[in-house]
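Visitor: Before we begin, I would like to hear the reasoning behind each label, with the value set beside its cut-off.

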Amino acid sequence: MGDVISSHLDEGKREIITVRTGEVMGEFGRLYEQQYVVALFNKVRYDVEGGGGPQPQLLHRKVPLENKSIFSGSIYQYLEENKKWRNRFLFVPDTYNISYYEGKQAHDRGLQPKGTINCAGYRVLTSMEKYLELLESSLPGVKAKVGSSPFLKCATQFPLIMWHPYARHHYFCVSSEKEQQKWSAVFQDCVRHANNGLSEDCKVQTPAFTDAVRLYRQARGQYGTWDMMCGVPHQILANLVMETLLTELRDLISPRLKGKLQERQKSWILISDAVYSLVQSQAQSQYEAIVQSCEAGRPPLEASIRTDMDQVITSKEHVTSKIRALVLPKAEKLLKVSIQPYISSILEALMEPTSRGFFEVRDVFFRELVDMSKNLLNGGSKEKLGEHMEKISMLAFHPVKMQGCYEKVEQLSLEGLQQRFDVTSPSVFVQRAQILMREQMDDAVYTFEQLLHQSLEGQEEEDLCKTIQKCQDRVIKKFDYDSSTVRKKFFREALLQIFIPYMLKQLSPSCSADLPRFRELIFEDFSRFILVENIFEEVVLQTVMKDIMMAVKEAAVQRRHNLYRDSIVLTNSDPNLHLLEENPPIDWAGEYGGGQTEVDGEQVGEGDAITQKRRRMKQVVSMIQEDGTATALPESCLEVPGVEDIPEEQGEVDSDTKSSSASVKEVPNEESSIGGVSVPTSTEMPPAIPNGTTIKEEKTTNPSEQEAEPASPQDSESKIANAIQEIENAVQEEEREQNGETNEPDSEQTSIPAEPAATLVTEEVEPVSESQREVQPEAAPNHEACKIASLSTEEHQSPAEAKESIAQPTQEEQSQQPVDMEPASEPTSELQQKTDSSSLHHDDSGFQSPANEVAEEEEPQVQAAAATTEAEVGRENHNDSETGEEDAQKGAGTAATQT
């Protein structure tokens, strides 16, 4: 990977990158300095004159995700370095940057993540076909041959791919469609939050930045909406540079790429990612220098604005009237012909999906409160109320619960209007509407929290449901009003974003040549605050704004989509409510949880330092997993066998196999015990690969690793007593069988199902020498296959044939056992107890790996245990064969003598 980047990005290419970045940042810096002064003037004027508009009724949370994390969980990720799928633990803090770790233990220990993904500009894909379609467009002019396979094959049928036009791509997969939907909702929420990187609280820097970027693109003939206006400022500037730089580098580098199409695509992705990172670092440093320079000159500028405010406003109005006289006739003609016929249809296309999304937000909020009231109806206490409110408080940031609301807006379509008005895609409007929906949900939840908390002071527990109902009704009314206000503002802004670029593009050729002469009407002292280019755009905006306001007002008068009329203004409807906005955040679990909170399934007190730390990082979504399953994907980093067309070196595979098996032994996973052998449960089985290969954990069949840990003296005595009792029972049963008391066919049939388990125990515990132990892990699959084949053969045999087939190998193995049977009683009882207990319940304690010293000391005991176990199998499955009777009598006699 490094060789590809270094060979194609030599000093000459890096010099080109630096020069092109400097050119773009130089032009942007000039525009930013101009727009910064204008934005500062507008901000000071707004502070002095004030602004109108309806006041919001809902409270707004200042820091929504303070001391919160979003989610964590395990998922399979494709590693490009070694072409393998591995299990990774993903964690997303309140910054929405995805960090992936080797496993959950690495995250809990505070280790550094393997990598971090900033999701700004990414697209979440759930189809390999869509990804390959986008991938082929990265190298235009190069077509793949028919039937050629891609460089990546997904390990399951449910991929999750994060695609970026410039940065590196990330590949994940899950085992079911439901998990795919949930993880897709989480990734899309991360992308949505990261794209909204420009803070609206910055009343000077944000307007100056957006106007400078827009003017820069308009100077190059790009007037429409821009999909890559996403992320923080230096990311947006890097996207601005890459628009032209990437094409230039592709023409220089693509002819030199070697290999098949898939290899060239992979190499180009790595090269593009390296270029993008380099451009981002250079753009960030230069942008910070520009902002620092402007901020340094802000105090004298602000003082000058406040001093000459009236004169600047008068001069600006004079120039505006002159420019309006020039532009207005042309703008009205264009408006009448090309804009007015489409306003109502575009507004309807925006209103329907957006309103459905806001209605869904209202329904989700209402359902959560109703469910809480139902749970508190019969004997609900304030402690239970605190548990419910702790979950509801982060409802707006729960990506899975909010996904249904977001999907309503994703149905927005402007098909047929995109080419006319130069709208690349509706994604800009969709993401903006989704962010507004999340803000409305959080405002409603926060207002409900404050009202409920105020009402609960001195309230009896019997009136909880009535109190919740009253607060709920108040919040729903406020939500309906604010929802109407927010949607109307969104519709106006969206229509302006669609029409203004189109009108500027049509009017600029005929008007831009006459604009410089209006600069002579501006005093030199005020020339920094009044720009003729900005006044020209303001005149065009005012021309179309009247028609847009009328269209939105008409929709509100008709009560379409539950929009309120502008005349309905709820002023001072709840004068004391906004005083609650200054209150600190409410800790529902701490205040109503009785001094304790549940953390990861265990109860801990307030005094515990670990509990306090976990409380400070409460999690919105703890684990993404399929409903009804007890566990998620295994926590350990498990290797997934490579798929077809991905060559791997044998040495690399062996080393990874050893490390994977070691990680399995170190990290406890849920498992069941079958015949004394630890086997993972079915809920933890990794997904199956479409080509028939199953993703599974590496395991060894070394008997010394499968032995149990040494028991305490009390347990050993009880096990010995149980073993003695079992041997005496076996002897008595043998005597009854010889006397013909238990020769019914029912007893023979009931003893047959126990035979495979006994055979499995005997074969698994059979000791091996040191030389055989080294070879045994490689031969394990064949050994398991032989056992499975023998078991499947026994199922088709009659009871007599099955007994004969089992008794014969038992005699041969018994002849190979050592004669000394004295130390066999304790291990035998241990094995029998383990086998009996495993048939009744599953052992969830994880893999048990005793020390090597204990394993070596217990090998003779395991040999004796195997002999005794085989003897018991011969007795239980006794038939009319004389050989079987003699062997069983010998084994029973030996055990009785030992007792």
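**Labels and their cut-offs**

Guide: R306 is partly exposed, its relative accessible area being 47%. The model is a predicted one, in which local features need pLDDT of at least 70 and side-chain atom pairs count only at pLDDT 80 or more, while totals for chains, interfaces and linings use all residues. Residues are numbered from 1 along each chain as its sequence is written, and side-chain values use heavy atoms, with hydrogens and water left out.

Visitor: Why is R306 called partly exposed?

Guide: Buried means under 20% relative accessible area, exposed over 50%, and partly exposed in between (1.4 Å probe, protein chains only); the 47% of R306 therefore makes this residue partly exposed.

Visitor: What makes R306 and E302 a salt bridge?

Guide: The term requires a side-chain nitrogen of Lys or Arg within 4 Å of a carboxyl oxygen of Asp or Glu, and the closest N and O atoms of R306 and E302 are 3.4 Å apart, so the pair forms a salt bridge. Through shared partners, salt bridges join E295, R298, E302 and R306 into one network.

Visitor: Why is R61 said to tie together distant parts of the sequence with E449?

Guide: R61 and E449 form a salt bridge, with their closest N and O atoms 3.2 Å apart. R61 lies in the loop between α2 and β1 (68-79) and E449 in helix α14 (residues 427-455), so the pair ties together parts 388 residues apart in sequence; helices (H or I, at least four residues) and strands (E, at least two) are DSSP runs, numbered from the N terminus.

Visitor: How do you know whether Q35 is buried or exposed?

Guide: Q35 has a relative accessible area of 2%, so this residue is buried.
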